[in-house]
Amino acid sequence: MAKTVTKSAKKPAAKAAAKPVGKAAKPAAKPAPKAAAKAATKPAAKATAKPAPKAKAKSAKKPVLKLSMLKPSVNNMTVRVFARAAGFDHAETDAWGNTRSPEYMARNPAHLTPMIEDKSLPRGVLWESCAIMQYLANKHGLEKFYPKAPAKRAMIDSAMFYLIGTLYPYVARATYPALGFPQYAGEVGHSDAHPDKKSEAQKAAMAAIAEPLEVFHSFFRDGKPFIGGTSPSIADIRLAATLEFLAVIDYPLPKWAKDYVEAIEKKLGKAYAEPAADVRGYIAYVRSQPKA
Ligand SMILES: N[C@@H](CCC(=O)N[C@@H](CS)C(=O)NCC(=O)O)C(=O)O
């Protein structure tokens, strides 16, 4: 499996976004070994004391969040944005063409990305974008992205479950044919139905997007800039990334949604823009291809 450590893996995240929350400052970085930490705090008088060996400084920077991902995917974009925005040192492995390999399947029988590897997990890996963000936010106390207060947290969870269970299936049915992604078994788009039937199903899904989309605006945002309030939560990252796919079908996003994605991109800076560029680049590529 070719391992890609992206540039941003070395550079935590866009400054605007990276200001780590609470303990997020060192969410992923291994704490410096005690000896090295002591040396770093020794007074100037002892300046002649041996500085911490370079190897130790290096190991503190070692990427510790290991993420397997696919660049054109918004499910993956979600976690890639979050990892950058939260200031993780992370290494990304491009899993393109590899998700059904025996090695990958042995770890992840669902053959899905995004997937993180973390020894403290019972099975060593975790997939599902929202579960990954919840876990990492819990583990590292990233309350800015995932509030701890039960009522506030419940709204973030509700928004994310609603997205995965209701909005995303419509988005997938409407956009996957244009993206060249396989549809799920049992879907008209997956069957050998007449192309007119497939197009009908795609159009019906496209028409169905408006209602849940409006729910995010009127109910979950409820006049606030973001679902999370004044700063983007993990539910906002999940929603904004999902909306990126709609460009491939020229979906007429309502003005609030365009402004909302822009506001998230502005708040998160490079943390958002960099993974978004991969999705947008893929969409530009498929759109440049002659229609079959
Ligand atoms: N609900 C999941 C969806 C994950 C998913 O569908 N991943 C796709 C890419 S968009 C995948 O890894 N497919 C590879 C495969 O099935 O082999 C999430 O949010 O993480």
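In this predicted model, strand β1, helix α5 (residues 74-85) and strand β2 form a β-α-β unit of right-handed sense. Strand β1 spans residues 65-69 and pairs with β2 in parallel fashion, while β3 runs antiparallel to β1. The points below take up these strands, the ligand shell, helix α13 and the loop that holds P182.

**Strands β1, β2 and β3**

- Five bridges connect β1 with β2 (residues 90-94), and the two strands are parallel.
- Within this pairing, S68 has T93 of β2 as its bridge partner, and M69 lies opposite D94 of β2.
- Strand β3 (residues 115-117) is joined to β1 by three bridges in the antiparallel sense.
- The bridge partner of L67 in β3 is I116.
- Of the five residues in β1, four are buried, which leaves the strand mostly covered.
- In a regular strand, side chains point alternately to the two faces of the sheet.

**Ligand shell**

- The residues surrounding the ligand include L70, S73 and N75.
- T99 and R100 also belong to this shell, as do H111, L112, T113 and P114.
- E128, S129 and I164 are further members of the shell.
- By character, the shell comprises four nonpolar, six polar and two charged residues.

**Helix α13**

- Helix α13 covers residues 270-288, a run of 19 residues.
- The distance from the first C-alpha of α13 to its last is 26 Å, close to the expected 27 Å at 1.5 Å a residue.
- The helix nevertheless contains a kink of about 30°, centred on A277.
- Buried residues in α13 are K270, A271, Y272, E274, P275, A276, V279 and I283.
- Because an α-helix has 3.6 residues a turn, residues three or four places apart point the same way.

**P182 and its loop**

- P182 is located in the loop between α8 (150-179) and α9 (195-208).
- This residue is exposed because 11 other C-beta atoms lie within 10 Å of its own, and a residue counts as exposed at 12 or fewer.
- P182 and A172 are ten residues apart along the chain, and their C-alpha atoms are separated by 9.6 Å.

How values were computed. Residues are numbered from 1 along each chain as its sequence is written. This is a predicted model: local features need pLDDT of at least 70, side-chain atom pairs count only at pLDDT 80 or more; totals for chains, interfaces and linings use all residues. The expected span of a helix is 1.5 Å times one less than its number of residues. The bend at a residue is the angle between axes fitted to the seven residues ending there and the seven starting there. A residue is buried if 20 or more other C-beta atoms lie within 10 Å of its own, exposed if 12 or fewer, and partly exposed in between; C-beta atoms are placed from the backbone. A residue is near a molecule or strand if its C-beta atom, placed from the backbone, lies within 6 Å of it. Ala, Val, Leu, Ile, Met, Phe, Trp, Tyr, Cys and Pro count as nonpolar, Asp, Glu, Lys and Arg as charged, and the others, Gly among them, as polar. Two strands pair if DSSP finds at least two bridges between them. A crossover is right-handed if, with the strands pointing away from the viewer, the path from the first strand over the helix to the second runs clockwise.
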